[in-house]
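Student: I should like to go through this structure and ask, for each label, what justifies it.
Tutor: Please do; let us set each value against its criterion.

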Amino acid sequence: MKSFKCGIVLISCIVPTMLFSCGKNEKSIEENNLAEQEILENLDNSSTVSNEEESFKIDWQKYEKQMDEEEKEDFQEYIAVLNDENTFYCFNWLDKDICFSEYLESIESEEQPEIAGVALVDLDNQNGKELVIHYFEGGGNYLILTRDDGKFYGTNMGERLFEELQNDGKYLGSGGAGDLYFYSMSIDSDGVIENKIGELHWIENEDGSVTDELEIDGKVTHNGQEWVDENYSDPVSWIE
């Protein structure tokens, strides 16, 4: 009988130990499962970020191959910005230092941006040539980049506010049918200044005919189309 009682005592001692041991194993398995789940989630997030970064990757060599040597030299000045390796201060748009991918987000570019054209043109006879990129996104936008004192600056212009860009830096803005505004621009570390050259409006006469009324430097003439033909006959060559 004594040995039987000892057996009972022995068994009663072993069972709690086994239960405790099983509890530890279950806890360990649960912790491992949680750790594994966290790793998988991190991998998924990493993959998502990677895909987003790839979606904004643009083949700039496609455009550079079409440039002459002088244009390539100017274009290389901006590559660090275009590759998100440097920021630029964006005047009159976000009004802060941003990277290129942030700019793309601001014009509602959620996928690979559609570029209508790239041009290098000296808008204001200072700091070399500006880089102008025309996007279809957001209803049409122009990113204008320049450099000054070793830093980069830029601004954004809507589709209808920056049309017919010329090699001497002139452009025009459309105010609707029959309303055109002619400008030049200065852009540097101090900001962006638009200089209005003149404006043209179609005036409907009593007999139903239309006369174009051009105002330049405060003087009004009625040979608007002739002036436009003379002053907007040297458009930039867009690289597509």
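**Labels and their grounds**

Tutor: Let us begin with Glu69, which has a relative accessible area of 60% and is therefore exposed. The model is a predicted one.

Student: What makes Glu69 count as exposed?

Tutor: The cut-off for exposed is over 50%. Glu69 has 60%, so the label exposed applies.

Student: How do you know that Lys72 is partly exposed?

Tutor: Partly exposed is the range between under 20% and over 50%. Lys72 has a relative accessible area of 24%, and therefore counts as partly exposed.

Student: Why is the contact of Lys72 with Glu69 called a salt bridge?

Tutor: The criterion is a side-chain nitrogen of Lys or Arg within 4 Å of a carboxyl oxygen of Asp or Glu. For Lys72 and Glu69 the closest N and O atoms are 3.7 Å apart, so the pair meets the criterion. Because they are 3 residues apart in helix 3 (residues 69-76), about one helical turn separates them.

Student: How many salt bridges does the structure hold?

Tutor: There are 5. One of them joins Asp74 and Arg147, with the closest N and O atoms 3.3 Å apart. That pair links distant parts of the chain, 73 residues apart: Asp74 belongs to helix 3 and Arg147 to strand 5. Both Asp74 and Arg147 are buried.

Student: What makes Lys196 and Glu199 a salt bridge, and are these residues buried or exposed?

Tutor: The closest N and O atoms of Lys196 and Glu199 are 2.6 Å apart, and the limit is 4 Å, so the label holds. Glu199 has 15% relative accessibility and therefore counts as buried, whereas Lys196, at 48%, counts as partly exposed.

Student: What makes strand 6 an enclosed element?

Tutor: Strand 6 comprises residues 151-158, and 6 of its 8 residues are buried, so the rest of the structure largely encloses it. Tyr153 has its place in this strand. Its relative accessibility is 11%, so Tyr153 counts as buried, the cut-off being under 20%.

Student: Which residues does Tyr153 touch, beyond those up to four places away in sequence?

Tutor: Among them are Phe88, Tyr89, Phe91, Ile144, Leu145 and Asp188. Gly191 lies 38 residues from Tyr153 in sequence, with a C-alpha to C-alpha separation of 8.2 Å.

Student: How do you know that strand 6 pairs with strand 1 and with strand 5?

Tutor: Pairing requires at least two bridges. Strand 1 and strand 6 have 3 bridges, in the parallel sense; Cys90 stands opposite Gly154 there. Strand 5 and strand 6 have 8 bridges, in the antiparallel sense, and Asp148 has Lys151 as its bridge partner in strand 6. Both counts satisfy the requirement, so both pairings stand. Strand 5 and strand 6 also form a hairpin with 2 residues between them, and Asp149 in the turn has a positive phi of about 55°.

Student: Why are strand 7 and strand 11 called edge strands?

Tutor: The open sheet has 5 strands in the order 7-8-9-10-11, with antiparallel pairing. Strand 7 (171-174) and strand 11 (219-221) each pair on one side only, and these are the edge strands. Neighbouring strands of this sheet are turned by 30° against each other on average, direction ignored. Strand 7 is joined to strand 8 (residues 179-188) by 4 bridges, and Gly173 has Tyr181 as its partner in strand 8.

Student: What lies across this sheet?

Tutor: Helix 6 (residues 224-231) lies across strand 8, strand 9 (191-204) and strand 10 (210-216), at about 55° to strand 10.

Student: Which residues of the largest nonpolar core touch the most other members?

Tutor: They are Trp60, Leu82, Phe88, Leu131 and Tyr135, in a core of 26 residues. The elements giving two or more residues to this core include helix 4 (79-82), strand 1 (88-91) and helix 5 (100-106). Beyond its neighbours within four places in sequence, Leu82 is in contact with Trp60, Phe75, Phe100, Leu131, Ile133 and Leu145. A second, separate core has 17 residues, among them Phe91, Val132, Leu165 and Tyr183.

Note on methods
Residues are numbered from 1 along each chain as its sequence is written. This is a predicted model: local features need pLDDT of at least 70, side-chain atom pairs count only at pLDDT 80 or more; totals for chains, interfaces and linings use all residues. Side-chain values use heavy atoms; hydrogens and water are left out. Axes are lines fitted to C-alpha atoms, for helices over the stretch in contact, and angles run from 0 to 180 degrees between N-to-C directions. Contact means heavy atoms within 4.5 Å. A nonpolar core is a set of buried Ala, Val, Leu, Ile, Met, Phe, Trp, Tyr and Cys residues joined through side-chain atoms within 4.5 Å. Buried means under 20% relative accessible area, exposed over 50%, partly exposed in between (1.4 Å probe, protein chains only).
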